[in-house]
Amino acid sequence: MAKTIMIVDDSASIRQVVGIALKGAGYDVIEACDGKDALTKLTGQKINLIISDVNMPNMDGITLVQEIKKLAAYKFTPIMMLTTEAADDKKQAGKAAGAKAWLTKPFQAPTLLDAVSKLVLP
Amino acid sequence: MNELDTALAIFAQEAEELLADMEDALLSLDQDPDNSETVNSLFRAMHTIKGSSGLFGFEPIVAFTHEAETLLDKVRQGERAIDSNLIAVLLESKDHVAKLIEHCLNANGPALPAELAATGLRLISQLNGGVQTAIQQGTGSADEKIFSEGGGEISVDEHWLISLEFKQDSFRDGIDPLSFLRYLKTLGDIKQILTAANGMPSGEAMDPESCYLHFKIAFQSEATKETIERVFEFAADDCEIKILPPNAKIGEYLALLDAQDETQVRRIGDMLVQVGALTEHDVEHALQAQTASVESQTVDGAKPKPLGEILVEQHVVQQPLIDQALKKQEQTKQKIASEANYIRVDATKLGHLINLVGELVISSAAMNLIVEKHGLSDASDIAAGMNALVNSIRDTALELRMVQIGDTFSRFRRVVHDVSKELNKDIQLLISGGETELDKTVVEKIQDPLTHLIRNALDHGIEHPEQRLAAGKPAQGTVQLNAYHESGHIVIQIADDGAGLNSEKILEKALANGLVKKDHGLSRREIYNLIFAAGLSTKDQATSLSGRGVGMDVVKKNIEALRGSVEIDSEEGQGTTISIRLPLTLAIIDGFMVGTASERYIIPLSMVDECIEMSANECEIDEIQHYINLRGRVLPYLRLGDYFGNTTANANQRESVVVVKFGQTEAGLVVDELHGEHQTVIKPLGKVFERLKGITGATVLGDGTVALILDVQGLIQAAIDHKPKALAHKPALRRV
Amino acid sequence: MAIEVKQQQPDSVHLVIDGEVSIYNVSELKQALSNYLDTVKEMQIDLAGVAEIDGAGVQLLMFLKQEAAAKRVELSLARHSEAVVEVLELLNLSTHFGDPIVISADWKSL
């Protein structure tokens with residue numbers, strides 16, 4: 001049974017690249033363009049990992065993490081945040097909210113897949 | 001003894017008794033394996049020790065005895081059969097518990113030494129699986145055993161030892177230990193894994209969403225420690241991760257440590273991180289532990305525990321690595337300490353400083369003069385004090401420019417190597433006295449003459465191996481460079497064990513060149529020194545390297561330009577020794593001031609042997625034979641006033657003799673006045689005066705007048721030569 | 001996830017767990033299974049239907065084993081699914097549970 005990963009990022013190109021990389025590695029992928037979009041797409045289906053950008057319109061990544069932690073069906077789902085080096089305060093906030101895995105942007109596909117596979121093997 | 005100590009003492013005693021009973025029980029079980037009472041007593045021993053250890057927070061004992069207890073419970077329930085193998089393991093376990101107790105009672109931290117931990121791990125695996133495997137499958141293949149948690153021992157020699165203690169929030173944070181373990185498997189082989197739920201409460205208290213899982217993993221992989229650690233990077237907040245490199249890796253790390261550069265002292269942690277034995281995370285973690293331990297020990301300012309000790313306790317690195325790193329650190333420290341004593345300074349700055357010090361010396365002399373002249377007794381003490389300070393400043397300033405001659409010597413290794421190859425000779429260079437110091441400016445100027453002399457020794461001195469063997473000498477020739485200090489000078493010697501000089505040949509040539517007359521009356525030594533005369537080369541055939549008849553005279557001239565001298569001594573067939581004497585510095589000398597008529601002269605103090613009044617009993621002057629009889633010592637002499645053509649008008653002036661010495665030669669200088677010691681800043685004479693005989697330089701005196709610095713060597717020669725120009729009309733002095 | 005009681009006697013119970021045993025349902029499972037442990041002397045759990053098991057799930061099995069031992073209940077796990085076997089092998093826990101494991105030829109890799 002293929003593992004399912006949700007990628008939340010306002011940049012369509014990042015969603016595209018991440019999506020291709022993940023699908024290539026054998027994961028199923030659900031895309032969302034911001035926190036709000038992500039929450040509407042979390043409809044009870046099994047998701048093994050949520051990858052989310054930090055800075056997004058409508059609902060940012062940190063808020064999304066806090067919201068996910070309120071959802072019975074997703075509160076224990078591992079979350080990986082995509083961040084830039086500078087956003088260390090965000091990182092602390094995100095970790096406090098429960099997102100333990102962080103990946104620094106920019107990254108290349110192999111790095112992403114390596115990081116993802118530490119949490120969920122395909 | 002406080003209450004806790006008392007309790008601990010009781011615990012230790014109780015445990016000791018229980019373990020002793022356990023041993024007896026185990027031994028009797030060997031005879032009577034079905035005695036359920038004996039098994040019960042074994043179970044109770046482990047159970048009791050586990051319980052009381054828990055009270056004291058001795059986690060390692062609790063963890064281990066728990067395993068033993070569990071097994072013994074199974075035996076008690078009849079789930080496991082007891083056999084001699086199991087008894088052996090239990091006996092070893094009993095010993096292990098004793099060691100654990102000892103450790104917990106004596107050590108500060110709960111962390112176990114690697115060795116103890118490894119033993120524990122192995123015993124646990126044997127208690128848990130090994131025996132059961134034997135029961136279920138008999139003796140399977142090695143692979144099967146490992147796969148089934150069985151008898152495969154955890155080998156810390158070849159395997160990484162990874163310890164993972166997940167925190168309770170792990171699951172809630174989306175951290176599943178299983179993911180990391182699966183990923184770990186992509187980097188290598190999990191050879192053995194022990195899964196434990198240490199401290200998992202029973203019944204209601206257990207929260208299934210909390211993580212109680214701990215793992216100990218024997219991992220075989222070529223990956224670096226860093227890579228292995230990165231497997232768990234996302235768990236870093238939720239897990240205590242300890243990675244102990246395989247013992248087999250220690251050798252590799254040690255070699256890397258050894259190869260680390262020693263240009264800067266680094267922290268132990270950084271050193272071990274660089275070789276890969278530790279990761280940044282390990283160090284950070286240990287540092288936190290260190291800080292925490294300091295904070296918790298608020299009493300009597302206890303010293304923080306050394307980081308190395310903490311790292312070993314945390315099972316992230318082995319003791320030998322820490323030891324080696326500490327050793328290396330110490331070495332580096334020492335090396336740097338010796339290097340840190342040096343500051344690179346621009347030579348021109350130093351030159352400027354020394355010039356200023358020179359001026360200061362002159363000013364100080366001027367001040368003394370004024371103080372004396374006006375009889376300022378109040379000021380004389382102060383002046384004397386300042387004088388002493390100026391003296392030490394001068395000495396120190398000059399020392400700044402002192403360098404060891406060793407580096408210069410070492411450069412000749414290459415010359416000797418190349419030249420001997422070119423000449424098909426086998427020559428070794430021996431260096432001694434390399435630590436001898438002299439002024440850097442002198443060092444620079446001596447380089448060329450030295451090169452020439454060494455090439456000469458290689459070319460003319462050392463014979464070809466066949467010749468040497470024929471002469472009964474070792475085939476390998478030796479050129480020796482030596483340096484030492486002697487009365488304000490540095491003496492550099494170039495000695496070879498070659499053929500030596502042929503005095504006949506030199507004399508023959510010198511006669512042919514008209515350098516000497518037939519009835520020369522020269523000593524052997526003087527004949528040898530003829531080779532420094534222009535146009536004399538004794539080598540029958542000039543080689544490309546030396547011996548074109550130019551050279552030795554140039555060498556001599558260069559050395560004399562440094563106010564030095566060169567001498568040669570040789571033993572035919574045995575070798576030649578050339579000695580170069582040079583002043584230590586070119587800038588300032590301690591001088592001895594003398595006067596004739598109104599002129600004043602400076603004699604370098606180091607060359608002054610003694611001063612005597614001419615009228616004294618022990619000194620007689622023979623004007624006809626032109627010598628001084630000084631206590632039976634016969635000395636050639638020179639009247640300075642006559643030599644420099646400023647004969648004193650006052651014939652009644654009481655004369656004094658200054659006995660000067662240069663190397664092996666000496667002479668008396670007859671002067672009118674002795675002015676005493678004088679710090680002399682040498683001011684070189686201009687080109688115009690370059691050819692002036694008997695004078696090497698000048699100095700400015702305190703009152704602004706100029707005094708000439710005497711060329712002692714030249715004057716001695718003039719005295720010996722008994723035909724000083726100014727005295728040409730006088731009867732010639734015969735050598736005595 | 002579902003717990004189905006296949007067979008219930010005064011002293012023993014035979015349960016079947018289906019679907020997922022994970023952090024999302026371990027609390028529920030613990031509650032249900034603990035209740036049985038308090039009432040029976042023998043408990044068998046059929047794991048053939050467990051499609052997925054995570055760390056929390058394994059930990060629950062370990063807990064059950066610990067509890068059963070403390071309460072002197074005979075606990076046996078049976079008909080391990082591929083997912084369960086994979087995890088037990090990963091953690092080297094097969095012998096800890098001591099239940100015979102039957103490995104099906106259909107499973108992809110173990």
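Here are four short exercises on this predicted model, each with a worked solution. Local features need pLDDT of at least 70 and side-chain atom pairs pLDDT 80 or more, while totals for chains, interfaces and linings use all residues. Residues count from 1 along each chain as its sequence is written, chains are lettered from A in the order written, and side-chain values use heavy atoms, without hydrogens and water.

**Exercise 1. Work out the fold order and burial of chain C.**

Start with the elements, taken as DSSP runs numbered from the N terminus (helices are H or I, at least four residues; strands are E, at least two). Chain C has four helices and four strands, and from the N terminus they run β-β-α-β-α-β-α-α.

Next, burial: "buried" is under 20% relative accessible area, "exposed" over 50%, and "partly exposed" in between (1.4 Å probe, protein chains only). Of the 110 residues in chain C, 54% are buried.

Finally, take contacts (heavy atoms within 4.5 Å). Looking at those between residues at least 6 apart in sequence, 70% join residues at least 24 apart.

**Exercise 2. Check the length of helix 14 of chain B, then find its packing partners.**

The expected span is 1.5 Å times one less than the number of residues. Helix 14 covers residues 347-373, so its 27 residues should span 39 Å, and the end C-alpha atoms are indeed 39 Å apart.

Now the inward side: the buried residues include B:Leu350, B:Ile354, B:Val361 and B:Asn368. The buried residues of helix 14 pack against helix 15 (377-400), strand 12 (588-596), strand 20 (673-681) and strand 21 (695-700) of chain B. After the helix comes B:Gly375, with a positive phi near 60°.

**Exercise 3. Place B:Phe689 and say how exposed it is.**

B:Phe689 sits in the loop between strand 20 and strand 21 of chain B. Its relative accessible area is 41%, so it's partly exposed.

**Exercise 4. Dissect the interface of chain C with chain A.**

First, who takes part? Four residues come from chain C and nine from chain A.

Then the area: about 490 Å² is buried (accessible area, 1.4 Å probe, that the two parts lose on being put together, summed over both). Carbon and sulfur atoms give 53% of that. In chain C, C:Ile23, C:Tyr24 and C:Glu52 lose the most area to chain A, together 90% of what that side buries.

Last, the charges: there are two salt bridges (side-chain nitrogen of Lys or Arg within 4 Å of a carboxyl oxygen of Asp or Glu) between the chains. One salt bridge joins the side chains of C:Glu52 and A:Lys46 at 4.0 Å, N to O.
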